[in-house]
Amino acid sequence: MGEHLPLEISEEEISLIRRTLMDARGFNLDAYKDNCVRRRIAIRIRATHCQSAREYCTLLHTHPGEVDLLLKVLTIHVSQFFRNFSTFEKLHQEIIPYLFTIARQENLSELKFCSLGCAGGEEPYSLALILADHFARDMERVPVVIEGIDVDGAILEAARHGEYTPERLVELPPHYLRRYFTPQGGHHLLLPSIREMVRFRQGNIFHDDVYQRCDLLLCRNVLIYFAREQQDKVIANISRALTPWGVMVLGKSETILGESRSLFQTVCPVERIYRLPAHVRG
Ligand SMILES: C[S@@+](CC[C@H](N)C(=O)[O-])C[C@H]1O[C@@H](n2cnc3c(N)ncnc32)[C@H](O)[C@@H]1O
């Protein structure tokens, strides 16, 4: 099979793959965009040197290790500390101070931040670094619980370990690197004091138990993989999980479409920051 020839994957083969993923891992392929799914499956067909999609279906069915490799390709884990730096600046300068003010006014015992689709922990740890560096005194009065959630258990293990290659740190301001990381060969290991600020939990964005009450929820660069209907479900679930003053942040290329728009008000269109509409906030 030529490297660059388009690869035929029939509907029947997609169904076989769908069933294998569901039976082996309870993973629902339907939620993901069709062209995305086909492209990713083709990557694994080529990588395994299968001569056809049918041969790949057999391989997938008989080799549990290949199920994990396909899931890894389907749920890509690209991330970086302070990815889209200006978004984290906005969180640091405006959103987090606002949430601490609310916490004082409402007499909250804690604030809860959540990174949904947290990959290797870069996103929730970026929040932890901002909090440790700039809000230590606020946290003495109102502790902040940060949760990182992802469907992939293996990536969460890596996140808990907290060791990163330099390309994951290109947007990290240098003083954070000096203060909160230990060099480890060519890698950088995050200090335990920061790692301990984040709890990681395995969960699927399409399962209700993922959504717990929270004040700041980042769901960035995850919705892009899903079909529109599934995106709407996630947005609705997030709107129900947020506290009345809660804030949601999407990825730079993501937006709220159609009827879901009535669930949120835009705080900052450039940084894709939203909150619940006034009648919900009360
Ligand atoms: C491209 S990464 C985004 C990481 C980070 N939010 C960021 O913007 O840098 C997408 C992450 O979403 C996770 N993901 C994909 N499908 C998911 C699902 N159904 N439930 C929870 N997480 C999912 C993937 O495992 C992956 O780690």
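Here are a few exercises on this predicted model, each with a worked solution.

Ground rules first: residues are counted from 1 along each chain as its sequence is written. Local features need pLDDT of at least 70 and side-chain atom pairs count only at pLDDT 80 or more, while totals for chains, interfaces and linings use all residues.

**Exercise 1. Work out the strand order of the open three-strand sheet, and say why strands E3 and E4 each have one side without a neighbour.**

Step 1: get the terms straight. Helices (H or I, at least four residues) and strands (E, at least two) are DSSP runs, numbered from the N terminus. Two strands pair if DSSP finds at least two bridges between them.

Step 2: read off the order, which is E3-E5-E4, with antiparallel pairing. E3 (163–164) and E4 (181–184) sit at the edges with a single partner strand each, so one side of each has no neighbour in the sheet.

Step 3: look at one pair. E4 and E5 (residues 187–190) are joined by four bridges in the antiparallel sense. Across from histidine 187 in E5 you'll find glutamine 184.

**Exercise 2. Describe how domain 1 and domain 2 touch.**

Step 1: find the bounds, which come from an automatic or database domain assignment. Domain 1 covers 11–74 and domain 2 covers 85–281.

Step 2: check the spacing. Taken over C-alpha atoms, the domain centres are 30 Å apart.

Step 3: count contacts (C-beta atoms, placed from the backbone, within 7 Å). Six residues of domain 1 meet six residues of domain 2. On the domain 1 side, these are four nonpolar, one polar and one charged. The classes go like this: Ala, Val, Leu, Ile, Met, Phe, Trp, Tyr, Cys and Pro are nonpolar, Asp, Glu, Lys and Arg are charged, and the others, Gly among them, are polar.

**Exercise 3. Histidine 49 has a positive phi, and so does alanine 119; is each one buried or exposed?**

Step 1: recall the background. Most residues other than glycine have a negative phi.

Step 2: place them. Histidine 49, with phi near 60 degrees, is in the loop between helix H2 (34–47) and helix H3 (53–62). Alanine 119, with phi near 50 degrees, is in the loop between strand E1 (111–116) and helix H6 (122–134).

Step 3: apply the cut-offs, counting other C-beta atoms (placed from the backbone) within 10 Å: 20 or more is buried, 12 or fewer exposed, in between partly exposed. Histidine 49 has 10, so it's exposed. Alanine 119 has 26, so it's buried.

Notes: Contact = placed C-beta atoms within 7 Å.
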